[in-house]
Amino acid sequence: MTAEISKVFYGTFIHSLSLKNLEILQNTLLGIDYFGKIAFIEKDILDEKTLNEILFQWKFPEDDVIRLSKWQFLMPGFVDTHTHASQYPNAGTGMDLPLLDWLKKYTFPLEQSYSSLSFAKKMYPTIVSHLLRNGTTTAVYFATTHLESSEYLAKIVKEKGQRGFVGKVNMDCNSPNDYVETLDDSVKSTEEFIDYVLNLEEEKDGSRLVYPIITPRFAITCTSQLMSSIGSLAKKYDIPIQSHLSENLDEIEFISKLFPNLSDYTTVYDHHGLLNGKTIMAHGIHLSSKERKLIKERNVGISHCPTSNFAICSGICNVRQLLNEGIKVGLGTDLSGGYSKSILNAVRNASIASRVVFMAIPSKGNDKSFPHLTLPELTYLATMGGAELVNLDQKIGNFLIGKEFDALLVDPNCNKSPLDIFDDLDDFERIFEKFMFLGDERNLKSIYVKGQNVSGTDFEEVDSHDK
Ligand code: GUN
Ligand code: FE
């Protein structure tokens, strides 16, 4: 009991212990140390005397305890395992085209604008603030190919106190003439980018919140040499990798023409040394059983992006099948293929997608059916599942002693609550379910990353970039 305590909460905590096990702890006291780590959790504290005894042991003043009111609860922060910060200005538009046409008409022209650092300075602070404000305490970002703008995004993520993985995009072929790199430039600027991010100031305990991530856009826009070279950089710096995999049928056909000697899309990435336990592949909708087997063998994580999959008609991912086969899954917003910046929206569309799969492949009393995702499973995917994809499952994702406190203080009955909680509802699982399906950022009173309050309705933004 030596750690100095910086914050203590008393009230209800809801978190995932496993895919199936959603734990609800009421009348619980949780203390955080000065490094943002959970120092103690004392359950079932029903009287003030016991509470005071514990506070005395930890030398923490009773008046400073943050006491949650009746329906308020704390839950782990959301992990967005796939989002394009650069595409935020397009969110909610351009949903009339399938992937490859959508990229050409809407996405590449917008991303090209980030050749101007002043454009990046206008956009990136807003998107990072908005993701935080929506409860995303960890985000895995695609920036663009531009070095300076990508460095700026990493700097902003760090300044705003979000946990983040930031990728400078690589693309050296099958791209617009004004939005493409040479092989040499792409590799060189990626190494410079890694160096920049790894040299951002560390936290007071010597750890870091912001990491670089190797980001080949997808195998269509990257030559073999580029994929191999940046795969080597990932190895050299021991950093993660992200890309897109098996999102759209035309994309898959194009890949088979570009790489006729490789058996499938997943093998293309594997052949270039890009698949390992630190790789996140977005979508993974149309994978064959052979590809899924390889993904499992390499311990690759799949970022399920259901809003995007619906919005640009890419397909419906059978998440139950991935989970049954032991593949790691997290959720992603995939802005702006997906129109919403909120992981709550991803949760809802993941639920709907799983119900569509369930109805399309009806159960006939055998083991071929795919039951839709449950509330505990959806919660897991949004928090612990994401933490596994970014290899931070020992650090964040739920409330265990020693983990860092990334959390949302949810007020289901706030002034402008969209939840309509009536007085006779006192079952916390139902209140939590209502929040997950009906709640929004108005219900997020405080948002904590590593114990620091970084956003929420009670938090005052000092940044003038924000609207
Ligand atoms: N595949 C390659 N680039 C992209 C992108 O920007 N968004 C999505 N959804 N898929 C991609
Ligand atoms: Fe994407």
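I started with Asp80 and looked up its bridge partner in β7, which is Ala139. The model is a predicted one, and I read everything below with that in mind.

I then took the two strands as a whole. β6 and β7, the latter covering residues 136-142, pair in the parallel sense over 5 bridges.

Next I traced the sheet around them. I found 4 strands in an open sheet, ordered β6-β7-β8-β10, with parallel pairing. β6 (78-84) and β10 (210-212) are the edge strands, and each of them pairs on one side only. For the twist I noted an average turn of 15° between neighbouring strands, direction ignored.

I checked what packs on this sheet. Helix α13, residues 375-389, does so and touches β6 and β7. The direction of α13 makes about 60° with that of β6.

I moved on to the nonpolar cores. The largest one holds 113 residues. Which of its members touch the most others? I listed Tyr124, Tyr141, Leu153, Val166, Ala219 and Ala350. I also looked up where this core draws its residues from: at least three come from each of domain 1 (5-75 + 398-455) and domain 2 (78-389).

A further core lies apart from that one and has 6 residues. Leu99, Trp102, Leu103 and Ile312 are among them.

Last, I picked Val166 and listed its contacts, leaving out residues up to four places away in sequence. Val166 touches Tyr141, Ala143, Ser150, Leu153, Ala154, Val157, Val197, Val210, Pro212 and Ile213. I noted that Tyr141 and Leu153 appear in this list and are also named with Val166 among the core members that touch the most others.

How values were computed:
Residues numbered from 1 in each chain as written. Chains lettered and ligands numbered in written order. Predicted model: local features only at pLDDT ≥ 70, side-chain atom pairs only at ≥ 80, totals over all residues. Core = buried A, V, L, I, M, F, W, Y, C linked by C-beta atoms within 7 Å. Buried ≥ 20, exposed ≤ 12 C-beta atoms within 10 Å, placed from the backbone. Domains from an automatic or database assignment. Contact = placed C-beta atoms within 7 Å. Pairing = 2+ DSSP bridges. Axes fitted to C-alpha atoms, helices over the stretch in contact; angles between N-to-C directions.
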